[in-house]
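Hi,

Here is the structure I promised to pass on. Have a look at it first, and my notes follow below.

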Protein chains: 2
Amino acid sequence: MEVEGLRARKKRARLEAFVDATHRLAAEQGLERVTVEAICAEVGVSVRTFFNYFESKDDAVLGMEHWRLDPAVGDRFAAGGPTGHLLTDMQALITSALDHPPLGKERMERAFELAKDHPEVMLRAYTHLQGLTDELGGLVRRRFGDAADESTVALVGTLLLALAHATFVRWDTAGGDGDVQDHLPSVVAELTAIVAPRA
Amino acid sequence: MEVEGLRARKKRARLEAFVDATHRLAAEQGLERVTVEAICAEVGVSVRTFFNYFESKDDAVLGMEHWRLDPAVGDRFAAGGPTGHLLTDMQALITSALDHPPLGKERMERAFELAKDHPEVMLRAYTHLQGLTDELGGLVRRRFGDAADESTVALVGTLLLALAHATFVRWDTAGGDGDVQDHLPSVVAELTAIVAPRA
DNA sequence: TGAATTATTGCAGAGCGTGCAGAGTTGTCC
DNA sequence: GGACAACTCTGCACGCTCTGCAATAATTCA
């Protein structure tokens, strides 16, 4: 099972075709004017097929199916690493995730540009990342054992989403140059300044 | 214009009737089985009227139209108060907001119970609170003047939502006793512990 | 009471999303 | 290569959410 079969290759190609067609049409006429029917006409498949690939129209903008954490990075986090300081270790998690977008950096960035102006899409992204948060919840429980009650887990998860979102915003206001995750440290610094202004 | 006219009273009563009918039906048969048509049959009005009151079905669960901050509290925040410590002053803002739910405490709590199990509803709540975040953005700019760049504003807003959400979760895991905002301090304490474990 | 304002309603229709069943592809095993 | 299983695509019918429009009914105010 080293090489992808024809089936898997076709599936991936079609997925990307859907996402790219959606982005192209949205750039031309604005996302609100893009219908699923139009996307399918562009790709050359039936509407029914679209919904075999995505649960909703917004998912075609995001193109993210399951954005998994790197298991090695997750294990290190669960074991209390890499540094032992929770906030720092959360950064490692986010950086790792932003480093491996399922469909490539360009599509992720285009998706964010669209999500910026379309709350439904941004919220849909939150839903997807919520899955990642659940995965994170497991890691937090492994890391803290019985010391972790549910609301701690929830807080860490929400905080992680907030950091990721703020990082995107900062990357965007900085002109969209370089990698998104490069802006994470300054966001964390700012958070620290807000929470504990004088250490 | 001291006393509400018949018109305003009827409107409010109908709004509450919609919300209560939605909650009742959701309790009976599960939210996913509740259609707008059923809600309207329960209330005794046409479906079209429903959409004169709410933009979406989920809004009838939440029953929040515009959840405004108390202007006096907002002004004090913008002026750098009440304590001068940003995180503490954010708490004052959240407490004030949670203290004055537009349709009463009971409905807010029932709405949260439903939102807990229904991501779309929770996300819809985020959308509404986003408006509050925009209002907060204005306050943050007034508070910091030119020192506040856009990503700072975004981070504070997102952090505020995260705190409010985590507070609800904690209130819920604590059994739903007392006021929601009573659990905010412990959430903030936990956040502080995460960000700056040893001061 | 009469005129202006505002709310309610039905209707027609666009768009999203799902279940189903038949037809077409791909993978596997001999 | 052939046969069978597994998966994918497609059209169709349908339910549901939500909007625009224009007619009707109810409140307000003078």
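Which residues are the closest to DNA strand D, and how many surround the strand? Keep in mind that this is a predicted model. The count around DNA strand D is 20 residues, and the closest are A:T49, B:R7, B:K10, B:R48 and B:K57. So much for the headline; here is the rest, starting with that strand.

**DNA strand D**

Both protein chains take part here: α1 and α3 of chain A, along with α1 and α3 of chain B, each supply at least two residues of the surface near DNA strand D. The top contributor is α3(A), with four residues. Sorted by class, this surface has nine charged, six polar and five nonpolar residues. If you take the atoms of DNA strand D within 4 Å of the protein, 63% belong to sugar or phosphate, and the rest belong to bases.

Three polar contacts are worth pulling up on screen. The side chain of A:T49 has an N or O atom 2.6 Å from a phosphate oxygen of DNA strand D. A polar side-chain atom of A:K11 sits 3.4 Å from a phosphate oxygen of that strand. A:R7 goes to a base instead: an N or O atom of its side chain is 3.2 Å from a base oxygen of DNA strand D.

**DNA strand C**

DNA strand C is surrounded by 20 residues, and the closest are A:K10, A:R48, A:K57, B:R14 and B:T49. Here too, α1 (6–29) and α3 (47–53) of chain A and α1 (6–29) and α3 (47–53) of chain B each give at least two residues to the surface near the strand. The largest share, four residues, comes from α3(B). The class make-up is nine charged, six polar and five nonpolar residues. Within 4 Å of the protein, 67% of the atoms of DNA strand C belong to sugar or phosphate and the rest to bases.

On the phosphate side, chain B has these polar contacts:

- B:R14 has a polar side-chain atom 2.7 Å from a phosphate oxygen of DNA strand C.
- B:Y53 places a polar side-chain atom 3.2 Å from a phosphate oxygen of DNA strand C.
- B:K11 has a polar side-chain atom 3.5 Å from a phosphate oxygen of DNA strand C.

**How the two chains relate**

A turn of 180° with a shift of 0.1 Å along the axis lays chain B on chain A, with an RMSD of 0.1 Å. That is the relation of a two-fold axis. The interface fits with this: 100% of the interface residues of chain B are also interface residues in chain A, so the copies meet through the same surface.

**Helices to look at**

Start with α1(B), since α1 came up at both strands. Its 24 residues should span 34 Å at 1.5 Å a residue, and the end C-alpha atoms are 34 Å apart, which agrees. Its buried residues are B:L15, B:F18, B:V19, B:D20, B:A21, B:T22, B:H23, B:L25 and B:A26, and what covers them includes α2 (36–43), α3, α4 and α7 of chain B. Just after this helix, B:G30 takes a positive phi of about 85°.

Next, α6(B) (residues 86–99) has 14 residues, for which 1.5 Å a residue gives an expected span of 20 Å; the end C-alpha atoms are 20 Å apart, in agreement. The helix is mostly covered, with 10 of its 14 residues buried, including B:L86, B:D89, B:Q91 and B:S96. Those buried residues pack against α10 (184–195) of chain A as well as α5, α7, α8, α9 and α10 of chain B.

In chain A, α7 (residues 105–116) also agrees with its expected span: 16 Å for 12 residues, with end C-alpha atoms 16 Å apart. Its buried residues, among them A:R107, A:E109 and A:F112, pack against α1, α4, α6, α8 and α9 of chain A.

**One loop residue**

Is B:S56, in the loop between α3 and α4 (57–62) of chain B, buried or exposed? B:S56 is buried, because its relative accessible area is 16% and the cut-off is under 20%. Leaving aside residues up to four places away in sequence, B:S56 touches B:F50, B:F51 and B:R124.

Cheers

Definitions and conventions. Residues are numbered from 1 along each chain as its sequence is written. Chains are lettered from A and ligands numbered from 1 in the order in which they are written. This is a predicted model: local features need pLDDT of at least 70, side-chain atom pairs count only at pLDDT 80 or more; totals for chains, interfaces and linings use all residues. Side-chain values use heavy atoms; hydrogens and water are left out. The expected span of a helix is 1.5 Å times one less than its number of residues. Buried means under 20% relative accessible area, exposed over 50%, partly exposed in between (1.4 Å probe, protein chains only). Contact means heavy atoms within 4.5 Å. Copies are superposed by least squares on the C-alpha atoms of residues with pLDDT of at least 70 in both. A residue is near a molecule or strand if one of its heavy atoms lies within 4 Å of it. A polar contact is a pair of N or O atoms within 3.5 Å; within protein, one must be able to donate a hydrogen and the other to accept it, and residues adjacent in sequence count only if both atoms are side-chain atoms. Ala, Val, Leu, Ile, Met, Phe, Trp, Tyr, Cys and Pro count as nonpolar, Asp, Glu, Lys and Arg as charged, and the others, Gly among them, as polar.
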